[in-house]
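Please look through the sequence and the model shown here before reading on. The paragraphs that follow go from a single residue to the whole chain, and then to the packing of helices.

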Amino acid sequence: MILSKLHLENFKKYTSYDIEFGEGLIGIIGKNGSGKSTIFEAILFGLYGEFKNRGYKEVVRNANASTKDPVVVELNFEFEGREYKVVREFRGKVLSANAKLYKNGELTTTGAKEVTNAIVNLTKMSKDAFIHTLFASQKELTSLSTLKNEDRKKMIRKLLGLQKIDFIEKELVEKSRELKREITAFAEVLLSDDEVEVKQKQIEKSLSLKESQKKELTVKTKELNKLRIQELDAKTELDISTKTKESKQQLFSKIELLKNSIINRTKNQAKLSNELKELDTKARELKSLGTLKTDYTQLQNSLKTQEKLKEYHLKKEGLSKEQVQLKEQYTKAKSDIYALEKECDMYEQYLFDAKNLEEDLSIRQDNIEVKHTIEQELLLEMAAQQRIIDETNSKIDKIKNLSRESECPTCTRPLLEEYDNVINSLNEIVQGTHQKKIDSYKIQLKNVQEQKAELIEQKKLKEKKHLELTKKITVIKSKQNDLSRAKEHFILIEQKGLKNKEELQVLEEFSYDKKLHIQLQTNYEELTPKYKYLLSLETELKRVNNLKIELEGIVKTLTELTSTCQANEKEYKLINYNEVKHQTKIQEYDKLQKDKELKTTRENDIKVQIAKIDGEIKTVEAILNNNQNQLKKVKIKKDDLIDYEKIKVSLAEFKTKLNAKIAPRISTIASEMYSQITKGKYQHIEVNNEFDFFIYDEGKKYPIERFSGGEIDLANLVLRIAISKTLTELNGASSIGFLAFDEVFGSQDETRRIEILEAFHTIKEQYRQIFIISHEMEIKEMFERVIEL
């Protein structure tokens with residue numbers, strides 16, 4: 001297998017990234033955190049759909065990608081002369097997985113699991129085998145020689161996949177121990193031969209007792225059946241007598257009910273007759289009321305008309321009063337608008353004056369800042385001159401402290417006659433030059449400060465005037481708002497007045513007579529009770545027809561009830577029933593039931609005894625059967641234990657043969673490479689069956705710890721490659737043409753790093769691709785191809 005290209009989208013830290021690997025010794029160089037190891041995580045992910053440690057969904061998507069952005073890994077590789085491309089995609093919030101595998105550009109497999117299975121079948125390596133065979137870290141290399149014996153063995157066995165055999169062997173030991181414990185436990189609960197014989201005799205005794213109980217049960221059952229027949233005959237006679245009694249009682253109750261119904265309907269008939277007479281009187285009274293209903297309806301309509309006229313009259317009065325108020329509001333609003341317009345006349349002038357003042361204040365502020373700048377410059381000049389004066393006075397004091405014979409502190413010549421000249425010259429410089437400048441600066445400073453103060457005072461006056469203007473403008477703005485609202489109010493008043501005027505013109509057509517209205521109300525109130533009484537009469541008279549029909553029905557029902565009652569009384573007299581005989585039958589039946597209950601109880605007691613005996617027999621038989629089943633299980637477990645022991649022996653023999661094959665093969669491969677790398681200095685590396693490492697020096701075998709750090713590094717390297725080659729052979733994957741090493745330089749110095757790189761150059765002919773991941777930027781010149789991250 002040779003890696004060709006890798007394309008990543010939104011994978012971990014890569015938003016979009018493409019790599020062409022090439023062949024030879026390839027360096028993947030970058031600072032820590034630049035994503036070097038992520039490249040090989042992506043390769044493993046593309047092939048097997050998983051990281052080195054299981055799980056991926058929570059970390060695979062780039063932090064800056066949205067849930068809509070897909071995660072894509074595309075890996076192109078060559079295998080046995082054919083070009084392959086595997087594409088894995090994850091889409092959506094839950095990262096739904098999909099994968100495709102192409103062979104020579106043609107799609108051959110789809111689906112995440114299906115593609116993984118196809119890769120395993122193609123390379124003949126699982127994910128773990130692929131990692132242990134083709135990837136090595138600095139930790140693995142150094143661990144080969146530095147770990148203790150047991151830890152090193154575990155590590156190599158893990159790399160070679162032998163830990164699975166260890167696991168199976170351990171499981172077999174545990175299973176054997178468990179079986180032995182179970183067989184011992186079974187022996188403690190199984191029955192002895194004597195106990196089995198006792199149980200069998202107990203079953204025979206129980207069967208004999210059960211047979212005698214069955215014979216007694218047969219006798220009791222015959223006696224009970226005879227009693228049941230007698231009881232059934234007595235019950236039949238008793239049921240006939242009871243039914244006769246019930247029939248007579250029911251007929252008596254029915255006759256009493258019919259008599260009560262006849263009495264109630266007779267009373268109801270009299271009541272209905274009286275109601276019809278009363279309604280006949282009320283009908284004559286209704287006829288005498290004549291035209292009352294018509295008069296009431298006409299009066300009601302007239303009263304409604306007057307109510308409507310009154311409503312119009314009240315509305316007209318309200319509108320008239322409102323018109324008077326609107327006229328007053330109209331006059332006031334007009335006056336307010338005029339006054340507000342007068343108050344707002346100066347607004348534009350005030351704005352103009354305020355703008356001019358703002359420009360004037362700006363100019364004055366600029367002038368003040370100019371004066372302030374000049375003031376600061378003068379102060380700085382004065383300070384500079386004063387420093388010169390102070391330095392010169394310091395020099396004069398130093399010279400005065402020296403005598404005339406002393407040397408000049410500057411040129412080292414004797415002062416002599418120059419002593420006074422130098423002091424006078426320095427004093428003249430102080431007083432004649434620098435002090436004059438300071439005095440001149442003070443005069444200028446005073447003038448500038450006075451001008452600045454005058455400008456500040458003028459500015460304050462202008463600001464005060466500007467503030468007053470601003471207040472006036474604010475007041476006028478408020479007045480303008482009031483003016484706007486006043487005009488809106490004026491328009492509303494005007495519109496309301498016009499609307500009211502139109503409504504008053506319409507209402508002028510209607511005339512309201514208050515006296516007439518009162519007279520109509522009086523008449524209405526007098527007539528209303530009579531009208532209500534008339535309505536009540538009409539309502540009552542509507543019942544006449546219903547009452548007549550109801551009365552006819554009652555007469556008919558009375559005739560039918562009387563006839564039915566007479567027929568039931570005749571039938572009642574014909575029923576033959578004797579209460580004394582009935583009670584005698586009840587007593588006979590009760591006695592038979594008591595006898596039956598006693599015999600039934602005895603029968604049940606015998607059945608319980610038989611059931612109890614059956615239970616005891618079943619319990620003992622269950623114990624014997626269970627004992628037999630347990631004996632069978634013990635036999636199975638003993639057979640399993642023998643099988644486990646045989647498998648353990650076979651597995652131990654297999655491990656011995658495998659170790660005998662693996663260790664020499666690792667030794668052969670490592671020796672060839674180590675001899676090549678050391679240019680024949682060391683001819684042989686030995687790996688024994690316990691995976692201890694030895695280097696032969698001049699024909700003698702020495703532990704690997706005896707040699708220098710650089711020699712150990714090279715030995716570790718060839719041992720790790722030898723393990724990878726051996727793994728490849730064990731897996732049957734002969735077409736793997738690359739190796740990858742992650743941070744193999746560790747904290748080694750430059751000399752040892754160069755030695756390891758030279759070793760890689762020496763063995764690179766055995767692999768088409770050797771990838772080295774490192775953060776050491778200075779070694780990138782030693783690679784045939786560099787991928788810098």
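**From one strand residue to the helix packing**

Leu 75 is found in strand S4, which covers residues 71-79; strands here are DSSP runs of E with at least two residues, helices are DSSP runs of H or I with at least four residues, and both are numbered from the N terminus. The model is a predicted one, in which local features need pLDDT of at least 70 and side-chain atom pairs count only at pLDDT 80 or more, whereas totals for chains, interfaces and linings use all residues. Residues are numbered from 1 along each chain as its sequence is written, and side-chain values use heavy atoms, with hydrogens and water left out.

With a relative accessibility of 0%, Leu 75 counts as buried, a term that means under 20% relative accessible area, with exposed set at over 50% and partly exposed in between, for a 1.4 Å probe and protein chains only. When residues up to four places away in sequence are not counted, Leu 75 touches Leu 3, Lys 5, Leu 6, Ile 43, Leu 47, Tyr 84, Lys 85 and Val 86, where contact means heavy atoms within 4.5 Å. From Leu 75 to Asp 643 the separation is 568 residues in sequence and 48 Å in space, taken C-alpha to C-alpha.

A second buried residue is Gln 630, which lies in helix H13 (residues 579-677) and counts as buried at 13% relative accessibility. Apart from neighbours within four places in sequence, Gln 630 is in contact with Phe 186 and Leu 190.

For the protein as a whole, there are 15 helices and 14 strands. The radius of gyration is 64 Å, well over the 28 Å that the globule rule gives for 789 residues, so the protein is more spread out than a compact globule; this radius is taken over C-alpha atoms, and the rule is 2.2 Å times the number of residues to the power 0.38. The C-alpha trace spans about 175 × 135 × 70 Å along its principal axes, and 34% of the 789 residues count as buried. Among contacts between residues at least 6 apart in sequence, 76% join residues at least 24 apart.

How, then, do the helices pack? Helix H7 (residues 193-288) packs with helix H12 (residues 544-574) at an angle of about 155°, their axes being 8 Å apart; such axes are lines fitted to C-alpha atoms, for helices over the stretch in contact, and angles run from 0 to 180 degrees between N-to-C directions. H7 and H12 are therefore roughly antiparallel to each other, since angles over 145 degrees count as roughly antiparallel, under 35 as roughly parallel, 65 to 115 as roughly perpendicular and the rest as oblique. The residues of this contact of H7 with H12 divide into 17 nonpolar, nine polar and nine charged, with Ala, Val, Leu, Ile, Met, Phe, Trp, Tyr, Cys and Pro counted as nonpolar, Asp, Glu, Lys and Arg as charged, and the others, Gly among them, as polar.

H7 also packs with H11, at an angle of about 140° and with axes 10 Å apart, and these two helices are therefore oblique to each other. Here Leu 279, Lys 282, Ala 283, Glu 285 and Leu 286 in H7 meet Tyr 533, Leu 534, Leu 537, Glu 538, Glu 540 and Leu 541 in H11, a contact that divides into seven nonpolar, no polar and four charged residues.
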